[in-house]
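I opened a new page for this chain and set out to log what I looked up, entry by entry.

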Amino acid sequence: MPERPAAAQPAHPLSEGWGRALVFVYGLFAVAATGRSAVQLGLEPGKAPLAYSLSLLAAVLYLVATTCLLLGGRTGWRVAGVAVAIELVGVLSVGTLSYVATDLFPDKTVWSHFGQGYGFLPLVLPFAGLAWLRHTAPRRSKATLP
């Protein structure tokens, strides 16, 4: 198989080194958030529809991040970056709203109270993900620089 041009290669493969731990944690959260949101939406969809729907969104974002970290490449790196950035906005927004607007979040979800039910890992995870993505940013080819 021919080697990709240097411009398309990440500085470090996304799922190697600390990336393996990140892939594991994202995969674990994808399963946990999917299970939790599916049970909550299936058993009591009217109890906290916004909270449960946002929990399902978290599950999808965790799944996308896991997949992109495993696939790697420039596109995987970019899509993972978008997913992790949305995840960060989500956990900060939902975490804040779950304290301020408690009526919107009558039941706990993966992001409520900044992920308190999961040992605050949902709060730490996007920061770790963004740091890893920054560390593994694709190199620019000297030919593409102005």
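**Entry 1: surface and overall make-up.** I began with the surface. The protein chain exposes about 8,200 Å², and carbon and sulfur atoms supply 69% of that area. I note here that the model is predicted. Next I checked burial: 38% of the 146 residues count as buried.

**Entry 2: fold.** I looked up the secondary structure. I found four helices and zero strands. Along the sequence the pattern reads α-α-α-α. Then I turned to contacts between residues at least 6 apart in sequence. Of these, 73% join residues at least 24 apart.

**Entry 3: core.** I asked which residues have the most contacts inside the largest nonpolar core. They are Tyr26, Tyr62, Leu69, Val110 and Trp111, in a core of 29 residues. Helices α1, α2, α3 and α4 each give two or more residues to this core. The most come from α2, which gives nine.

I then followed Trp111. I left aside its neighbours within four places in sequence. Its contacts are Leu54, Ala58, Leu61, Tyr62, Glu87, Gly90, Val91, Val94, Gly95 and Pro122. Tyr62 is in that list and is also one of the residues with the most contacts inside the core.

**Entry 4: helix α2.** Since α2 gives the most to the core, I looked at this helix next. It has 23 residues. From first C-alpha to last it reaches 33 Å, close to the 33 Å expected at 1.5 Å a residue.

I listed its buried residues. They are Ala51, Tyr52, Ser55, Ala58, Ala59, Leu61, Tyr62, Ala65, Thr66, Cys68 and Leu69. I kept the helix geometry in mind while reading that list. An α-helix has 3.6 residues a turn, so residues three or four places apart point the same way. What do the buried residues of α2 pack against? They pack against α1, α3 and α4. After the helix comes Gly72, with a positive phi near 70 degrees.

**Entry 5: aromatic pairs.** I searched the whole structure and got four aromatic pairs. I took one for a closer look. Phe29 and Tyr118 are tilted, with 5.6 Å centre to centre and 45 degrees between the planes. Phe29 sits in α1 (residues 18–43) and Tyr118 in the loop between α3 (73–100) and α4 (121–135), so this pair ties together parts 89 residues apart in sequence.

I checked burial for both partners. Phe29 has 4% relative accessibility and counts as buried. Tyr118 has 22% and counts as partly exposed, because buried means under 20%. I also noted a cluster: ring pairs link Tyr26, Phe29, Tyr62 and Tyr118. Tyr26 and Tyr62 appeared in my core entry too, among the residues with the most contacts there.

**Entry 6: salt bridge.** How many salt bridges does the count give? It comes to one. The side chains of Lys47 and Asp107 meet at 3.9 Å, N to O. Lys47 lies in the loop between α1 and α2 (49–71), and Asp107 in the loop between α3 and α4, so the bridge ties together parts 60 residues apart in sequence.

I looked up exposure for this pair as well. Lys47 is partly exposed, with a relative accessible area of 43%. Asp107 is partly exposed at 21%.

Notes: Residues are numbered from 1 along each chain as its sequence is written. This is a predicted model: local features need pLDDT of at least 70, side-chain atom pairs count only at pLDDT 80 or more; totals for chains, interfaces and linings use all residues. Side-chain values use heavy atoms; hydrogens and water are left out. Rings of Phe, Tyr and Trp (its six-membered ring) pair if their centres lie within 6.5 Å; planes under 30 degrees apart count as stacked, over 60 as edge-to-face and the rest as tilted. Buried means under 20% relative accessible area, exposed over 50%, partly exposed in between (1.4 Å probe, protein chains only). Contact means heavy atoms within 4.5 Å. Accessible areas come from the Shrake-Rupley method with a 1.4 Å probe; for residues, only the protein chains shown count as cover. A salt bridge is a side-chain nitrogen of Lys or Arg within 4 Å of a carboxyl oxygen of Asp or Glu. A nonpolar core is a set of buried Ala, Val, Leu, Ile, Met, Phe, Trp, Tyr and Cys residues joined through side-chain atoms within 4.5 Å. The expected span of a helix is 1.5 Å times one less than its number of residues.
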